[in-house]
Amino acid sequence: MSPADMIARFGSPLYVYDEALLRDRCRRLINALPSHALLYAMKANSNAALLEVIRGEGLGIDAVSIGEVMLARKVGFAADRISYNGNNVTDNEMRAVLDLGVGVTVDSLSQLERYGRLFPGTDVGVRLNPDVGDGHHDHVITGGPDAKFGIDHEDMEGAHSIAKHHGLTICGLQQHIGSGILDVNTFIGAMEAMLTVADRFPELRFVDFGGGFGIGYQPDEDDFDVAAFGVQANPLLERFRAKEPDVTFRFEPGRWVVAPCGTLYVTVTSIKRGKRHTFVGTDSGFNHLLRPALYGSWHTIENVSRPDAPVEPVSVVGNVCESGDLFCRDRALPTPEEGDVLAIRDAGAYGWSMASCYNLRPRPAEVMLSPDGPRIIRERESTEDLTR
Ligand code: LLP
């Protein structure tokens, strides 16, 4: 079905996901890291239909909130296939997660102390601050002195003594250096540093290296090479496992799994030839895809209605009342006309999941493009929903 037909049937703007590609990416990950736990970071996209495909392909879940844990359980992920890495969470949230049979990883010494008082004699995971960070933007670098996450390496002795005091078993270590990593060696370096710390924890059952595998958003960028990564990571992990045979290794990729599977289709609603820029206005905006406005991220945009039109530099913008509401600035595109459909690519991760109803504009519908055709997997929000 062509994008124009899909929009005629399901409306605009519209998120569309490619199920075959999603399955293919799950399989490529499993092939690259066959003997490790691959826990999809559902914050990237938590649509239940995608989660069902991902579960069917054999991945588990990385969750960050009680809401995510509840949805993962509802979709049928077994409790022991879900990891939970909460950040600054309440007692009630930790209790609710444990009640669902899911283990908790804590993020600070004070939280470990609180966990110990509430649940003495139990198991707990601990998040490390890996000292080094990486990522596509400052906002998504989660390691190093400027990041709010995890316990510093030099404070890990403190974690030991808090655990001892409350009879806790530190059963897992977790870290996440950041998001959008393209260099395999950066990730391997962070893993090596973590394994050195793990040597000091004799009761570990898991070591979790986090997510962050990047994708090539720009035309000249390649995805994080998971096959090459597996070639380096697997022997490193086997060497550690030779000493500690009971340890399982975990990874938490989000973006890599889903980003290229999703496209946001928007419709052109106006063309304004201004003094400096040609503004192509659309029926969407940063309320539906925040990444360009928040991080200056590149998403490839195609004019699918008029691919052969003469090319000119245009700024594709939205209908939100802010000047920062843009998808691209002065980019060469086949000149759009009102009514054209534009495809904004690689929108499967952190697209709908970060969407809002800012300006009281409803969030888009989502469609899964399956081998037997497209089907709606989330209804469009309505203005009635927002004014109820
Ligand atoms: N594990 C932990 C503990 C995380 O904090 C994250 C992402 C992931 C796994 C998954 O990272 P991924 O594999 O998707 O890179 N909104 C931003 C990304 C924020 C990521 C936050 N944490 C964006 O649109 O680029």
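**View 1. The ligand's shell draws on two domains.** Domain 1 (3-15 + 260-387) and domain 2 (33-253) each give at least three residues to the shell around the ligand; these bounds come from an automatic or database domain assignment. This is a predicted model, in which local features need pLDDT of at least 70 and side-chain atom pairs count only at pLDDT 80 or more, while totals for chains, interfaces and linings use all residues. Residues are numbered from 1 along each chain as its sequence is written, and side-chain values use heavy atoms, leaving out hydrogens and water.

**View 2. Meet the ligand's neighbours.** Around the ligand are 21 residues, each with a heavy atom within 4 Å of it. The closest are His 136, Ser 179, Glu 252, Arg 291 and Tyr 350. By type, the shell splits into seven nonpolar, eight polar and six charged residues; here Asp, Glu, Lys and Arg count as charged, and Gly is among the polar ones.

**View 3. Polar contacts with the ligand (pairs of N or O atoms within 3.5 Å).** Look for Glu 252, where a polar side-chain atom lies 2.6 Å from a nitrogen atom of the ligand. At Arg 291, a side-chain N or O atom is 2.6 Å from a ligand oxygen atom. Gly 212 uses its backbone instead: a polar atom there is 2.8 Å from an oxygen atom of the ligand.

**View 4. Where the two domains touch.** In domain 1, 19 residues are in contact with 16 residues of domain 2, contact being heavy atoms within 4.5 Å. The C-alpha centres of these domains lie 33 Å apart.

Notes
Polar contact = N/O pair within 3.5 Å; in protein donor to acceptor, adjacent residues only side chain to side chain.
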